Amino acid sequence: MPVEIPVEKWNGQVHQVKLGGAGGRKELVVGGENTLPFLKFEGNIPHRPAVAIEVVDQPPQGWAEPLVKAWGNVLQDPAAWAKKAAEYGADLISLRLRSAHPEEGNTGADHARKVVAAVLAAVDLPVIVLGPEVAQKDNEVLVAASEVGRGQRLGLGDCLDKNYRTIGATCLADGHVAIAKTPIDMNLAKQLNILLSDLGLPLDAILMDPTTGALGYGLEYTYSVMERLRITALMGDKMTSPPMICTAGEESWRQKESKATAGVPQSWGEQEQRAILWEKITAIGLLNAGANVIVLRHPRTVEDVKAAINKLSA
Amino acid sequence: MALTGIEIYKFLPKTNCKKCGFPTCLAFAMKVAQKTVNITTCPDLSAESRAALEAAGRPPIQLVTLGSDSKKLEVGNETVMFRHEKTFFHPPGLVLRVKDNAPADSLQQQVQAAAEYKVERVGRFLTMDGFAVENTSKDAATFAKAVEAVKSKSDLPLVLISQDPAAMEAALAKATPGRPLIYAANKDNWEKMADLAVKNKCPLAVSSNGALDDLTALVDQVSKKGIEEIVLDPGARDFGPSLSTLTQIRRLALKKNFRPLGYPVITFPGEAAASLDTEAMLAAQQVAKYAGIIVLDHFSPALVYPLLTMRLNIYTDPQKPIQVTPQIVQIGTPKATSPVCITTNFSLTYFAIAGELEAAGWAAWLVVCDTEGLSVLTAWAAGKFDAEKIAKSVKNFKIADNVSHRNVVIPGHVAVLRGELEEELPDWKILVGPREAVDVGGFLKQNWKN
Amino acid sequence: MSRFIATAAIRGARAIVDEADKLLTDAVQKLGPDTPVAFPNTTYFLPVIYGLTAHKVQKLSDLNWPLQHAKDLLPPVPRGNLWLPYLGETLDAGMATLYAEEIIEGVRWAKGEQPEVRNGYKLNGPIDDVQMRAWGIQMVDGRMPGFAAIIGAAKSNEVAVKIVRELQSKGQLVFLIGNNKGRSIIDQLLESGVELGYDTFTVTFGTDTVSAIYALGYATRAGISFGGFKAGDARANLLYNKFRCFAFALALGPVDDLKYATAAGAINYGFPVIADTAIPNILPTGVTKYEHVVSLPFDDIAGKDDLEKAERLVQRCIEIRGIKIKVAQIKIPVAYGPAFEGEVVRKENLRVEFGGKGGMAFEWLQTKNLDEVEDGKITVVGPELDDAPMGSKMPLAIMVDVAGRKMNKDFEPVLERQIHHFTNGAEGIQHMGQRDITWIRFSKSAVSKGFHIKNIGDILHAAFHNQFGAIVDKIQITLYTDPAKVKDLLEQARVVYQERNVRTANLTDEAVDTYYSCSLCQSFAPTHICVINPERVGLCGAYNWLDCRASYEINPRGPNQPVPKGAVVDASKGEWEGSNKFVYEHTNMAVQRMTLYSLMDAPMTTCGCCECVMVLLPETNGVMIVSRDDYGQTPSGMTFTSLMGTVGGGLQTPGMMGHGKFYILSKKFISKEGGIKRVVWLSKNLKEEMAEELKEVCEREGVPDLMDKIADGTICTTVEQLVPWLQEKGHPALAMDAILQ
């Protein structure tokens, strides 16, 4: 008896979002699918998920040994770091302006301009610029970054409910994409998209960051919020249809499982393998939930995650 | 259309006899409607009622049980495509594959290490679920011996892997009555394998590398032999095929109520992976996307710990907040002068505040209050995080014995509790912390002198 | 439309277009058609022309097309005997004026005559792109409300300074333009030593009316930069400025034809014009957000002197443009913030208290007309606290008058309840209760730092603006401490409280066509949505219909959305097409229909925060209700917690339902199943807490002795015990129609 393969008829599709593609920057398009992640048997998936590598604008504090070992000297120099990231196969760079944090350097707009210009000069990949996660400082350094990258279609974030007007307007003015971040809640994610749309920012200039919970630290919440957002988008709700970006690297490498070298149960196993696998599994989980851009830290994760994406997209 | 609790109740004896383990017939009916209890649990159900209810209430994916009663592995009986729709009930079994031609001592070592492995997470111990013994030698006696060797080190459920009915029979002789899974019936050997399954009362895996049509035909054939507990191997191995095929099978079972594929699926991530990490990643995907039994080819703590954590995450009931154990948690190595902070035992709240304290480089005493897994505001609104509760935790956990000061930081969202808390804890000074965990580092920097 | 204004504006437009024509012809002859034309430091060419038509002006000959365009727009001057609406003509004349003015400034730049130098002071001229972007972002993100273009000259230098200072204090950007008989506000400010420039948010454009075009050029460029549309999309640009840019023009002194014509141009952008002289008003709203042209003759403004008049003038401008005020800092002598909300002021630390046992204190918030409220006015009537003995009681009436274009009398109680929350945020101040059970304590330390009764007004003024700015435009607070006055007002207030009670009681589901949703709990119960109707509170008990409506007005994108009832599906069950559709769409299509008055058929889903759970007890033909605070066993065989495990998480479970406790008192309480007569068991604490109200309800339902027939945990906790008890008492449910069909 022939089995009829069950195919869902979705009315909606994920918006296509372009990063780069102007000002000498390579073009990267994510989104556009009209089915659930990687289900090519029922829909069209024009673009595979992209892998970003995180670069920080000052030598990162408290990073786990395996990361420090893997990157070595480039940690001192964001431009060199970005270049190296490109060699490791990044589709785009996610530059975190950490030094602008009031307690970690409190640098301002001038410094942001310099760093962003240096990274933009070093690589021709699309670039996302993220602030220090303090709304007021975000506004200061991101507006500066925006001007430097004007017309090069960067990603700018985090665009939160607190500062969405500033970041949204900046994106509009300079032709960038807003990274709209909300705290693991479908309705808040949708609300922020509506607010940005009200501002005039088109939905194809938004990437949603649903806030990543790492493996063992709320992954399941992020996973389900992403599945819900994606299903709603496919059912035709435009306000949940921007592609999603997940900071898998940053979140998984924050955790004790990734950082601890000693004083942990033997059942945790060897640190380096455990830590890298923590990042890899966080990433593969989120990709299956619908991540369109996944931001990673360790080069070996990048290699394996890219390979997995290729296999899932083949 | 699923029946509501009320509709089911109408079929019940309405005696409130409590023999089903529930206080009233209505309470039982509600649970049956949610498909968390089987209607057959009611001992006094009339034959007609039973028939009527079973037709409506039959789980779309068969529950399959491996192993003996004391160490059993139950898989299947899932009711939703996405965990947020309800929950995923039966976590996939993680079993380690060993080969029968491996030297006896190395085989036993492998088994022992995996069988003894356990890791603690949020108050629960996570372990491996069993072993798959493969008849690599193609020799019946070697196979049987290997099964014996595995059983000597572990009483966990087994999967027996052989295409040869004779070898399978020899192995079954050593493995039963432990209800091992027979892997696998294929288009050539299905009849004999099915007979073995019937004879030994074991679940049977059915394997086909072709299209789902072939698998369906095979399942039909073995079902006709009277086998109810079946496990499917559709032959999909790598990331892409595994996701597509397992999704299709799950959809057919749940959405089309397609009985021939209404069974759990067994996967072999190691067969498509060039490295240990890739095997673990593929296994992780299969945890989320619809595997019932996952056969691993490698075992090491660093590999299994993240995988077990993934399984714990995905199979958490999304409608019940996950709780951490109420206790004093030491963040870093706190001293007598370190801050004392109060939080709730909702996992995300706890992770957020613990993570931020750690990230900001503070050693601290974190008092985790029992709020039944609710977050700060929700718990406060529900009366589960009031001054009395906080004071009780501060006193019961004897935090005063650990510190030389008497200052305690409460979450900013419950600033309103300050006055009452001053009454409840007259020796303590109540500091109102920030509303968001992310601001705790800055708050302590300004307000705490070590 | 005023015929007078239309005539003047059209006349002015014809004159200025003619002037532009002559000027351009002359310049082309003298300098040649290829002479470059550009405003400095901008990439938007001549921005009004570019923004509205996409025409790029780079040399003198490029000005011919816009000039022709202006001529084409010019309407004829209305004849004296003809009376028409004129609005379209006037607006066209305004556009023609703007093009002509920009052409004139363009030519002036080409001729090197700009920026203007006045008595040795070099004026700014047009705003450069860098500054435009910096301010543009602030206008979009709300840090800067908008700009005020002042045209002409004030009555005196002091008045000029006062007007500018007032605007600056409201965060407005100030553009300075034009003259009156040769005297410009720029002269007035410079003579008074006022610092002018980007740093002080004051920009000097020019001393003739034509330079007003720079203000519109600024608005046009900000629109293109931050509005998400392209040059040439005139409609989008004008709408953007109307809704997003809170700008207005303030004409000081007599208004001549050119000023009328320029004003007509500004109205195209949605910018109203306010004149401090007597001219006809154009009040019907439409093109601008509110009024178009408003005349506020300076000398007629109420005020003890010119400075106060100036202050009122600015206040009125702000209202007319609908600019929302944010009070960045609450100016009180003690710290303010959520961290102080839980403070308790104890007897030993008490300086003075209001209300409480044996005291008299109350709060009364009322809606007034906009012209009846002076924003920020705080008055204490009666003695301040200074002479009050230590630890003594004072009488207090907190009278809050609010006005706002979106304010609604129904929001009064919603806002009034916030006084508690707002006042509590001050360090050393404790607030309890509401209405006439208000009880406030000031601590010794707060008073020693200088906290006074008046400061309650400061807090309320700032907090209402900041949190309810969407519905409240003006707030004034009067604090009475005079005993006789307080007593008198209290009596009036009690009448109003009673009226409100009656109003709430009379607010029926039938009386409204819209319910409200609440999706706050969807984060953990994705398929749960509350539908809140006047006669049923949200199941958490925290939100009623009025709260939700106010919440929607304040935050139209928030968790409370209007649910149009639509056609009735079944009135007895409380089922409507509109609510069904809403529920279906907002639960990921998990819940297909939901009734509001029935327990047995498609009842509301339950999240996790309900105050009570109602459960069918088939053996009794009735229902039981257990409250969240009741930890005991119930006749359903389950405690509240285990019941939550069955119904919680967004499930629709016929026969079980979470609800708010006040729902029990509603006329719509499971009316499909027969209402309160079905209740056979009720948690003891609810019985006690709501004894009076329940008694009333039982009387209303014609079963005055019902409460004696409803069991509770002290009577029995099993259904086996319950049934005989009910039979003994003769509970009405036993004789009702079978609840289980």
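What follows is a chat about a predicted model, taking chain A, chain C and three single residues in turn.

Reader: What kind of model is this, and how are things labelled?
Author: It is a predicted model, where local features need pLDDT of at least 70, side-chain atom pairs count only at pLDDT 80 or more, and totals for chains, interfaces and linings use all residues. Residues are numbered from 1 along each chain as its sequence is written, chains are lettered from A and ligands numbered from 1 in the order in which they are written, and side-chain values use heavy atoms, with hydrogens and water left out.

Reader: How many helices and strands in chain A?
Author: Eleven helices and ten strands. Both are DSSP runs numbered from the N terminus: H or I of at least four residues for a helix, E of at least two for a strand.

Reader: Why call chain A as compact as a globular protein of that length?
Author: Because its radius of gyration is 19 Å, close to the 20 Å that the globule rule gives for 314 residues. The radius is taken over C-alpha atoms, and the rule is 2.2 Å times the number of residues to the power 0.38.

Reader: And what does the C-alpha trace of chain A span?
Author: About 65 × 55 × 35 Å along the principal axes.

Reader: How much of chain A is buried?
Author: 68% of its 314 residues. Buried is under 20% relative accessible area, exposed is over 50%, and partly exposed is in between, with a 1.4 Å probe and protein chains only.

Reader: What share of the contacts in chain A is between residues 24 or more positions apart?
Author: 69%, counting contacts with a separation of 6 or more. A contact means heavy atoms within 4.5 Å.

Reader: Pick a residue there. Where is Ile245(A), and is it buried or exposed?
Author: Ile245(A) sits in strand 9, residues 244-246. It is buried, with a relative accessible area of 4%.

Reader: What does Ile245(A) contact?
Author: Setting aside neighbours within four places in sequence, its contacts include Ile128(A), Ile179(A), Leu207(A), Met208(A), Val293(A) and Val295(A). Asp209(A) and Pro210(A) are also among them. Ala205(A) is 40 residues from Ile245(A) in sequence and 13 Å away in space, C-alpha to C-alpha.

Reader: Switching to chain C. What is its secondary structure?
Author: Chain C has 22 helices and 25 strands. Its C-alpha atoms fill a box of roughly 110 × 65 × 50 Å along the principal axes.

Reader: What percentage of chain C is buried, and what about contacts 24 or more positions apart?
Author: Buried residues are 59% of the 741 in chain C. Residues 24 or more positions apart make 74% of its contacts with a separation of 6 or more.

Reader: Where is Ser295(C), and is it buried or exposed?
Author: Ser295(C) is in strand 8 of chain C, residues 293-295. It is buried, at 13% relative accessible area.

Reader: Which backbone nitrogen lies 3.2 Å from its side chain?
Author: That of Ile279(C), with the distance taken to a polar side-chain atom of Ser295(C). Beyond four places in sequence, Ser295(C) touches Ala275(C), Thr277(C), Ala278(C), Ile279(C) and Asn281(C).

Reader: Last one, chain B. Is Ala104(B) buried or exposed?
Author: Exposed, with a relative accessible area of 53%. Ala104(B) belongs to helix 4, residues 104-116.

Reader: How far is Ala104(B) from Ala146(B)?
Author: They are 42 residues apart in sequence and 7.5 Å apart in space, C-alpha to C-alpha.

Conventions:
Polar contact = N/O pair within 3.5 Å; in protein donor to acceptor, adjacent residues only side chain to side chain.
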